[in-house]
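Colleague: Could we go through this model together, starting with its confidence and then turning to the aromatic rings?

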Amino acid sequence: MTQTPLGTDNPIGGRRFRNIVLWLIVAVGILALVSMLPMMISGADREAIIRIPAKADEKTLADTLTRYFGEDYSAKVIKLIKLRNIDLNSRHGAYLIPEGTSPFRTMRKLGRGAQIPVKLTLNGFRTLDLLTQRISNKIDCTKEELLKQFTDAEALKEYGLTSDQALALFVDDTYEVYWSASPAEVMKKIGDNYQRVWNEERRRKAETLGLTPVQVSIIASIVDEETTKKDEKGRVGRLYINRLKQGMRLQADPTVRYALQDFTIKRVKGEHLKVDSPYNTYRVAGLPPGPIRTTGTETIDLILDSTPSDDLYMCAKEDFSGYHNFASTYGDHVQNALRYQHALDSRGIQ
């Protein structure tokens, strides 16, 4: 007699077979849950930002995780990454891992490429060399790579700037970029802000003054070096505009310091004025080739909205308050200068 196979026409055998399969599934599930539980509940014992360089492999990530969270935590994350088959080559970036984050959540963050942005704060950088060094300290680019991008004539042409005027692009502000950002991406982020700053309204105001946006930026950079007093920045800027319109040399001390690349000089003397440089506005007429530092929208707006004046000369006040005496005639300026020079001499300032 032919026997009925187990689990087909035999009702009792079929139920046994299904129960066995069900229990096997449950057992496997329990084992999987038990093995995964440590991945879900154990947490990082500290907060840290981990950085995955370009073309990283599992060992690179494992070493980084171990350095911050220990070998056990690192091994769990790597195991999960292998299970999910995550390609670390496409996860170049910086990732914030808060204290208490489980290995599973860390794996998910890396898998999604959920980077934390890096803040770049620009404020009164006097040279592009120093600026690029500071930025390179914050992201995964070298100073040389950034300098090459920021001085590229074709890239700057998009913003109406030349290589000499590159510093004008960097409006003082706080920018957010990713640690993995390329030099071109950093430039676009900063350049987009430059375009927003120089909107139609500000361009129209500059044109009313007979100036281009970059010329206003150059004047603003000199003004920021001349005074920290917000309530006189507009007046100082207007003075330089007046001198330009009359064909007078700017004779701005900060441009001499920039030409000499010596920002420690407190008292500009005759020997300093001999420096042969297009930035020496005592010898060269008109504006210098480019800004002598980065500047912000506050100074730009104070210049664009400045009150018309007859001021052509200024000299630091003899009370060392940081303010200036202004004059429309050379005779009055000489008197102001003599008082200031006497104050310097009395304090032994060279």
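**Confidence and ring pairs**

Modeller: Residues 26-37 have pLDDT (the predictor's confidence in each residue, from 0 to 100) under 50 throughout, and the model gives them 1 contact (heavy atoms within 4.5 Å) beyond four places in sequence. This is a predicted model, in which local features need pLDDT of at least 70 and side-chain atom pairs count only at pLDDT 80 or more, while totals for chains, interfaces and linings use all residues. Residues are numbered from 1 along each chain as its sequence is written, and side-chain values use heavy atoms, without hydrogens and water.

Colleague: What is the mean pLDDT of the chain?

Modeller: The mean is 89, and 88% of the residues reach 70 or more.

Colleague: How many aromatic pairs does a search of the whole structure find?

Modeller: The search finds 8. Rings of Phe, Tyr and Trp (its six-membered ring) pair if their centres lie within 6.5 Å; planes under 30 degrees apart are stacked, over 60 edge-to-face, and the rest tilted.

Colleague: Why is the pair of Tyr68 and Phe69 tilted?

Modeller: Their planes stand at 45°, so the pair is tilted, with the ring centres 6.2 Å apart. Ring pairs also link Tyr68, Phe69 and Tyr73 into a cluster.

Colleague: Is Phe69 buried or exposed?

Modeller: Phe69 is buried, at 9% relative accessible area; buried means under 20%, exposed over 50%, and partly exposed in between (1.4 Å probe, protein chains only). Tyr68 is partly exposed, at 22%.

Colleague: What do Tyr159 and Tyr194 form?

Modeller: They form an edge-to-face aromatic pair, 6.4 Å centre to centre with 90° between the planes. Both Tyr159 and Tyr194 are buried.
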